[in-house]
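Here is a briefing on a protein model, grouped by topic for quick reading. Keep the structure open alongside the text.

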Amino acid sequence: MATELVYTPIDEIPQIHADLRKSFKTGKTKSIEARKTQILQLAYLLKDNYDRFKTTFAQDLGRPALETAFLELDSTISDCRIAYDRVDKWARTEKAPFNVNFAAFRPVIRKEPKGVVLSISPFNYPVWLAIGPMIGAIAAGNCFVLKPSELSPATSGLIAELVPKYMDPDVVRVVLGAVPETTKLLELPWDHILYTGSGRIAKVVCAAAAKTLSPVSLELGGKSPVIIDPRCDLRTAAKRIMWGKCVNVGQTCVAPDYILVQEDAEDTVVQGLKEAHDEFYPDGAVGSPDLSHIINKSHFNRIKGLLDKTSGTIVFGGQTDESKLFIAPTVIRGVKGDDSLMSEELFGPLLPVVPVKNLDEAIEFINDRDHPLALYVFSQDSTFKNRVFDNTQSGSAVANDTLVHCAADGLPFGGIGPSGSGYHARKFSFDMFTHLRSSIDSPSWIDMILGSRFPPYTVKKENWLKNVLGVQLPPRRLPAPGEDK
């Protein structure tokens with residue numbers, strides 16, 4: 001039974017913004033202890049309602065319980081613990097690198113909250129991509145508004161129910177709604193906006209934010225390619241690629257979108273993928289309890305339409321059931337660059353295999369397209385891996401696995417160009433919502449050295465300042481313009 005979300009009244013949204021702005025000005029979010037209290041409350045919000053979240057994920061996405069636990073709940077609780085343990089260090093004022101010319105000024109970088117921030121999160125990972133940025137924003141000392149996806153109503157509704165029970169309403173608020181509510185939110189000035197979703201909507205978000213000069217970070221996705229070295233551990237590669245594609249039935253922004261492999265290895269790779277698929281789903285994919293479903297009919301029809309138009313050959317899968325929003329994991333071989341399956345991010349369980357002559361052609365194929373959010377290489381050869389990574393651009397560069405880099409402590413999560421801008425996850429979420437405030441404390445006696453900066457100006461003063469602050473450059477590496485080479 002579908003869950004009906006009760007949307008936030010549009011006329012209440014400006015007041016929510018104003019209330020949080022007023023709250024931020026009181027300074028109640030700035031102490032480390034206050035931040036840690038709210039972070040811990042978030043962790044217990046998830047822990048206390050663990051089974052309820054499993055139920056809502058099943059309702060919204062048909063998500064298997066193990067995937068919900070592994071990919072979202074446990075990893076988000078872990079992120080809470082990391083922030084709780086490290087926020088003292090993250091927020092500590094940082095000394096600038098030593099420079100003899102400026103040491104007397106005691107230059108430091110203050111880590112200060114930006115203010116009142118907004119996150120617009122998607123349906124596909126409705127806890128990790130909703131709560132994760134909230135952790136970072138709170139750790140940084142901000143007030144936070146979450147606009148979760150209306151396409152995952154059970155999970156978004158549960159978050160909206162629980163946040164007022166666990167979190168300080170002067171610090172965190174949830175706005176439920178669709179286009180009109182989001183439009184109203186974007187009319188307001190924010191100290192930072194994080195948008196996670198499609199490039200098409202990102203343009204709307206950025207255009208609206210420009211009117212209030214609100215800074216924006218974007219996490220957008222794209223077509224994340226896989227390059228397979230025919231000499232790699234193919235059995236392991238096939239399992240990890242199929243897992244990355246089948247998790248959440250491909251509704252993952254960093255899911256493997258297509259495979260590039262040398263023509264003479266296509267048969268072997270396709271066979272390896274089929275063996276991995278059959279190992280995952282020994283009774284077949286149809287009816288398997290270990291597969292999610294597509295989020296709604298619109299997305300179902302989009303994915304099915306791409307599959308129906310392909311000129312490639314379906315190797316296995318291809319079954320669809322609109323009544324259950326089910327599309328089976330499907331591998332399609334012999335796909336060309338102008339195929340329907342290469343026209344947009346698939347965001348579903350379809351996996352095209354694109355044969356190429358060699359590695360150079362694979363690299364050129366990737367570089368001819370938008371920079372992806374992730375790029376995967378399967379090879380045990382360091383030269384092969386480095387050749388790919390050194391000659392391409394992507395949000396992440398991952399060797400011999402898929403998806404798990406998003407959860408790796410210490411790594412940023414973010415795209416480049418059309419796949420996004422800015423970084424988040426754990427410390428990088430804290431950084432995204434933090435203002436680095438430069439600060440010095442200049443002593444009176446410094447004018448004994450720098451007093452020549454004051455008028456009236458003379459050549460003598462200029463020479464003195466040049467002598468004090470002048471820089472010696474290394475020798476030229478290239479001839480000066482006009483000189484003979």
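Helix α10 covers residues 266–280 and holds both D278 and K274, four residues apart, or about one turn of the helix. Their side chains meet in a salt bridge, at 2.7 Å from N to O. The model is a predicted one. The points below cover this pair, other salt bridges, the open sheet, a buried glutamate and the overall figures.

**The pair in helix α10**

- D278 has a relative accessibility of 34%, so it counts as partly exposed.
- K274 is also partly exposed, because its relative accessibility is 29% and the partly exposed class runs from 20% to 50%.

**Salt bridges between separate elements**

- R387 and D360 form a salt bridge, with the closest N and O atoms 2.4 Å apart.
- R387 sits in helix α13 (residues 382–390) and D360 in helix α12 (residues 359–367), so this salt bridge ties together parts 27 residues apart in sequence.
- R387 counts as partly exposed at 36% relative accessibility.
- D360 is partly exposed too, with a relative accessible area of 44%.
- K28, D168 and D170 are joined into one network by salt bridges that share partners.
- D409 forms a salt bridge with R86, and the closest N and O atoms are 2.7 Å apart.
- This pair links distant parts of the chain, 323 residues apart. D409 is in the loop between β16 (396–399) and β17, while R86 is in helix α4 (residues 65–90).
- D409 has a relative accessible area of 41%, which makes it partly exposed.
- R86 is partly exposed as well, at 34% relative accessibility.
- The whole structure contains 31 salt bridges.

**The open sheet**

- Six strands make up an open sheet with mixed pairing. Their order is β5-β4-β3-β6-β7-β17.
- β5 (172–174) and β17 (420–421) are the edge strands, each pairing on one side only.
- Strands of a sheet pair through backbone hydrogen bonds, in a parallel or an antiparallel sense.
- β3 (residues 116–120) and β4 (residues 143–147) pair in the parallel sense over five bridges.
- Within that pairing, V116 has C143 of β4 as its bridge partner.
- β3 also pairs with β6 in the parallel sense, over four bridges. Here V117 stands opposite H192 in β6.
- β6 pairs with β7 (residues 216–219) in the parallel sense, again over four bridges. In this pairing I193 stands opposite V216 in β7.

**Strand β6 up close**

- How many of the five residues of strand β6 are buried? Five of the five are, so this strand (residues 192–196) is largely enclosed by the rest of the structure.
- In a regular strand, side chains alternate between the two faces of the sheet.
- Both faces of β6 are covered. H192, L194 and T196 are buried on one side, and I193 and Y195 are buried on the other.

**A buried glutamate without a salt bridge**

- E181 is found in helix α7 (residues 179–186).
- Which side chain of opposite charge is nearest to E181? The nearest is K147, 7.0 Å away.
- E181 is buried yet has no salt bridge. The cut-off explains why K147 does not count as a partner: a salt bridge needs a side-chain nitrogen within 4 Å of a carboxyl oxygen.
- K147 is at the end of the range given for β4 (residues 143–147).
- Beyond its neighbours within four places in sequence, E181 is in contact with Y7, T8, I10, I13 and L176.

**Overall figures**

- The protein has 16 helices and 18 strands.
- Its C-alpha trace spans about 85 × 70 × 40 Å along the principal axes.
- Of the 485 residues, 50% are buried.
- Among contacts with a separation of 6 or more, 72% are between residues 24 or more positions apart.
- The exposed area is about 23200 Å², and carbon and sulfur atoms supply 54% of it.
- There are 55 positive and 58 negative charges, and their mean positions are 8 Å apart.

Methods
Residues are numbered from 1 along each chain as its sequence is written. This is a predicted model: local features need pLDDT of at least 70, side-chain atom pairs count only at pLDDT 80 or more; totals for chains, interfaces and linings use all residues. Side-chain values use heavy atoms; hydrogens and water are left out. Helices (H or I, at least four residues) and strands (E, at least two) are DSSP runs, numbered from the N terminus. Buried means under 20% relative accessible area, exposed over 50%, partly exposed in between (1.4 Å probe, protein chains only). Contact means heavy atoms within 4.5 Å. Accessible areas come from the Shrake-Rupley method with a 1.4 Å probe; for residues, only the protein chains shown count as cover. Lys and Arg count as positive and Asp and Glu as negative; His and the chain ends are not counted. The place of a charge is taken as NZ of Lys, CZ of Arg, CG of Asp or CD of Glu. Two strands pair if DSSP finds at least two bridges between them.
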